[in-house]
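Subject: Structure handover

Hello,

Here is the structure I said I would pass on. Please look it over first; my notes on what was found follow below.

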Amino acid sequence: MKTRLMRIYIVILFLGIGALGLRAGTVNVCADCPVKTIKEGIRQAQAGDVVLIGSGLYAEGNIVVDKPLTLRGVNYPVIDGQLTEEAFTITADSVTIEGLKIQNSGHNQLKDLAAIRVQRTKGYIIRSNILLNSYFGIYLEYAGAGEVYGNTIIGQAVTEANAGNAIHAWYVQGVNISHNFLKGHRDGIYLEFVTHSFIHDNHSTGNVRYGLHYMFSNDDAYYCNTFDHNGAGVAVMFSKRIVMTDNYFEHNWGRASYGLLLKEITDADIARNAFVSNTVGIMLEGASRIRYQNNQFKSNGWAVQVTGGCEDNNFIANNFLSNALDLVINGRLNSNTFDGNYWSEYNGYDLDRDGRGDVPHRPVKLFSYIISQSPESIILLRSFFVDLLNFSEKVSPALTPDNVLDNMPLMEEAQWAVGSRR
Amino acid sequence: MLKIMKYTLSDLLRSRWGLIYLGFFLLLTLSLLWLSGDVSKVVISLMNVILILCPLIAVMFGVMYFYNSREFTELLLAQPIRRTDIFWGQYLGLALSLSLSLLLGIGLPFLLYGLLASSEVLNFFVLVSTGVFLSFIFSGLAFYIALRNDNRIRGFGLAILVWLFFAVIYDGVFLLSLMLLKEYPLEHYSIVAAMFNPIDLSRILILLKLDISALMGYTGAVFRKFLGTGLGSTLSFGVLVLWVLVPAWSIRRLALRKDF
Amino acid sequence: MIEIRNLHKSYGKLEVLQGIDLGFEQKGRIAAILGPNGSGKTTLIKSILGMVLPDKGEIRVDGQAIRQQWAYRERISYLPQIARFPENLSVRELIAMIKDLRGGHAEDELLIRLFGLEPHLHKRLGNLSGGTKQKVNIVLAFMYDCPTVILDEPTSGLDPVAMIHLRELLNEAREQGKTILLSTHIMSFVEEMADEVVFLLEGKIRFRGSLQTLKEQYQEENVERAIAHILQGKQAVEGNDGNSQTAGYKLQATSLKPQDSRSFTPHLLTPHN
């Protein structure tokens with residue numbers, strides 16, 4: 001996999017150098033220039049030219065970029081779609097759009113209008129733009145390798161139904177989405193049939209549904225991102241071989257709200273992430289053959305919820321700190337392992353001083369079963385009576401699966417080198 | 001009233017029991033902080049102790065103090081002082097001495113560990129203020145019980161029963177009712193039911209600081225509104241104040257009617 | 001000045017006071033309230049102090065009705081029956097506290113010296129002997145100059161020297177024209193100090209009059225025997241002064257009939273708790 005990733009990098013690098021080499025002419029567009037509209041600028045420009053767009057307001061839409069150009073804004077010129085039209089559609093390879101402020105592009109639920117649409121091309125670079133009040137922000141369809149970097153995309157979504165995604169990718173291979181700030185859309189980033197792509201160093205916050213959403217996408221990686229205050233942090237569904245590392249999931253609250261939702265996925269690797277103050281840290285539904293290592297679960301309602309059809313999930317050297325409930329497992333069959341984690345609730349001892357508790361830890365409590373039966377009983381969380389119930393269940397398990405054990409719980413928190421951001 | 005309170009307080013602060021109570025909290029908090037670096041874990045452990053122990057000590061100590069100071073109360077009753085002032089003064093003195101022990105017992109170690117300057121100061125504040133509330137509520141209940149019952153054995157028995165009821169039995173019945181009625185919408189019911197138990201209320205106030213993410217997991221509209229906005233804290237706080245006022249007012253009513 | 005009119009008090013079914021009419025108008029007199037256990041002495045005293053709330057009837061102190069009042073107690077010195085104080089306070093603190101609570105001028109230094117309490121001033125009240133506590137009790141009662149003095153068992157636990165001082169204090173109070181009520185079971189103390197006797201039995205006044213009248217009425221040499229007569233239900237000799245209130249009385253509790261009244265009476269008159 002590593003060589004494949006390298007190859008994609010090289011391609012991007014090559015394309016970038018190629019674009020620089022081709023930069024011959026410059027077409028200036030501004031209110032006082034001979035060329036007054038962006039469309040006209042594009043028409044006059046040769047392949048490889050730079051169209052410099054001066055500051056000002058351009059009430060233009062449906063701008064088609066059909067040759068390899070660089071559209072560069074000076075002091076963030078404003079392109080206003082007046083809520084009816086798409087601003088840019090890129091149909092040629094090697095197009096760069098940077099430094100533009102695009103606002104009020106069209107809202108249409110049938111046509112899925114976007115501020116910037118990339119159609120069946122590769123080598124695109126969409127960099128450092130500000131997209132305000134778009135329906136979809138950046139829409140990639142049938143695209144090859146390209147880059148979406150450092151954009152700020154802020155929508156005004158209130159409900160899922162009437163909002164598009166900040167960055168939407170559909171049948172895309174090898175895109176690199178990084179350092180973007182995504183807020184107020186349906187999903188921060190939505191990926192469907194996307195492969196060999198990297199999502200990193202983005203901050204996705206306050207989106208109605210998910211901060212990041214994978215559907216039917218394989219062989220991707222996301223790392224060093226922050227997901228907070230979204231309906232749910234990240235949802236990975238019907239996908240395979242996704243690597244998830246060094247991300248930060250915070251404060252994703254709600255009844256169907258998770259830091260990370262894994263649904264029908266296999267062969268993932270989840271490491272060095274932090275899940276802080278989420279209703280559910282990780283929710284597993286039909287998730288199998290996944291390794292969870294060195295993740296930090298702190299102050300979540302439920303750190304990990306496992307529902308039916310989850311097999312071979314192996315939790316190793318994670319820290320479970322002050323969660324209301326560490327683990328809920330629905331279903332009696334369990335082929336998942338939880339050995340060698342740190343549980344702040346563990347109150348065993350370590351007489352032989354090997355750093356491992358001498359008595360196994362039982363992370364599943366009776367009370368979590370009661371809550372699943374009668375959700376309102378959460379109001380009795382941590383009451384003395386509930387503690388008594390949990391204790392008696394611990395002494396002689398009757399309702400909780402007795403094979404869910406950490407046989408060698410850590411006595412001290414697990415330590416690891418942190419990722420680039422946290 | 002303030003004079004009586006002052007004397008009751010100075011008497012109690014020097015009593016053996018007051019010192020033991022203070023020492024217990026000092027030792028507990030210090031050892032918890034020393035053994036576990038995780039402050040939120042310490043707060044949770046302290047929460048359990050405060051929710052159970054503060055009511056128990058307040059109600060038992062209150063009944064004991066009332067019976068033991070009975071002759072002295074009679075001496076005061078013969079002085080030109082309002083009856084209400086005597087009993088409210090003693091009640092306030094008792095509740096304040098318990099609160100002070102709690103505040104110092106938990107506050108000093110926290111100060112020592114420099115945690116009051118950290119972000120944990122809010123947790124500390126909520127913890128201590130619920131402890132103070134519980135001390136006031138249950139010493140008020142203790143005075144009420146003792147005023148009603150001249151028989152000491154009966155008084156102590158009732159005091160234990162009141163504690164047991166609020167600390168354990170109530171929650172048991174509460175949980176049972178939730179399980180039995182799970183087919184019905186229970187949000188309003190469970191919030192109202194929690195209001196009728198000061199220990200549950202205090203627990204919810206602390207949970208709103210510690211476990212809000214779990215509480216938000218159940219998001220029927222009512223819970224969400226109650227827990228997610230300031231409404232929950234404000235309402236819980238308001239009802240706790242009521243829980244202080246009602247026994248205090250009943251003490252006055254009883255005191256004005258009682259023969260000594 | 002104390003006026004009591006038609007005073008009733010019952011605890012459940014037990015009627016402790018059954019229509020007491022009593023007035024202490026004359027100044028400078030010591031009235032002894034006597035009666036066996038459960039006769040209502042302490043209830044009567046506590047009613048005057050507002051500690052017991054009567055079911056019916058009215059009490060006036062210095063012309064003012066006392067129901068739900070408290071300020072009138074400034075004009076009463078009261079010595080309670082059992083001297084128990086907050087154990088952790090010192091004697092000095094207790095005295096300072098009462099002074100603080102009542103305000104005004106107090107003769108505490110003089111009384112402390114009189115009863116020789118100086119060495120005890122810094123001791124905790126919990127560590128004092130019963131007699132010393134009673135001395136503290138007396139200091140607290142007498143340190144204020146009040147027109148009415150009420151003493152419930154003032155002699156208990158006192159040594160002879162303290163007894164002498166107590167008598168001095170009482171005589172002084174009488175000379176100052178105060179109204180003084182006391183309950184005691186020491187008959188010699190009554191004979192020596194009291195100007196008149198109020199005898200209570202089963203919630204009613206059985207006798208009210210001077211010591212002289214009491215003795216004459218029952219033709220006895222001393223108070224103790226006269227009282228034994230009352231208890232045994234003997235009719236009073238007719239034709240005495242109108243102060244007597246014993247007419248028409250028949251003893252109902254037969255268990256109160258002893259063989260030997262001498263050994264019997266003191267027992268009956270032990271303080272009622």
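**Contact between chains B and A**

Chain B and chain A bury about 3,000 Å² between them, with 67% of that on carbon and sulfur atoms; buried area is the accessible area (1.4 Å probe) that two parts lose on being put together, summed over both. This is a predicted model, in which local features need pLDDT of at least 70 and side-chain atom pairs count only at pLDDT 80 or more, while totals for chains, interfaces and linings use all residues. Residues are numbered from 1 along each chain as its sequence is written, chains are lettered from A and ligands numbered from 1 in the order in which they are written, and side-chain values use heavy atoms, with hydrogens and water left out.

In this interface, 38 residues of chain B are in contact (heavy atoms within 4.5 Å) with 33 residues of chain A. There are 0 salt bridges (a side-chain nitrogen of Lys or Arg within 4 Å of a carboxyl oxygen of Asp or Glu) between the two chains. H7(B), helix 152-180, gives the most to the side of chain B that touches chain A, with 8 residues; helices are DSSP runs (H or I, at least four residues) and strands likewise (E, at least two), numbered from the N terminus.

**Contact between chains C and B**

Here 30 residues come from chain C and 26 residues from chain B. The buried area is about 2,700 Å², and carbon and sulfur atoms give 57% of it. The rule finds 4 salt bridges across this interface. One of them joins the side chains of B:Glu74 and C:Lys46 (3.5 Å, N to O). On the side of chain C that touches chain B, strand E1 (2-11), helix H1 (41-49) and helix H2 (91-102) each give two or more residues. H2(C) gives the most, with 8 residues.

Of the 2 pairs of chains in contact, chains A and B share the most contacts. Chain A and chain C do not touch, and their nearest C-alpha atoms are 36 Å apart.

**The sheet in chain C**

Chain C has an open sheet of 4 strands in the order E2-E1-E4-E5, with antiparallel pairing (two strands pair if DSSP finds at least two bridges between them). Strands E2 (14-24) and E5 (64-65) of chain C stand at the edges with a single partner strand each, so one side of each is left without a neighbour in the sheet. E1(C) and E4(C), residues 56-61, pair over 5 bridges. C:Ile2 has C:Val61 in E4(C) as its bridge partner.

Regards
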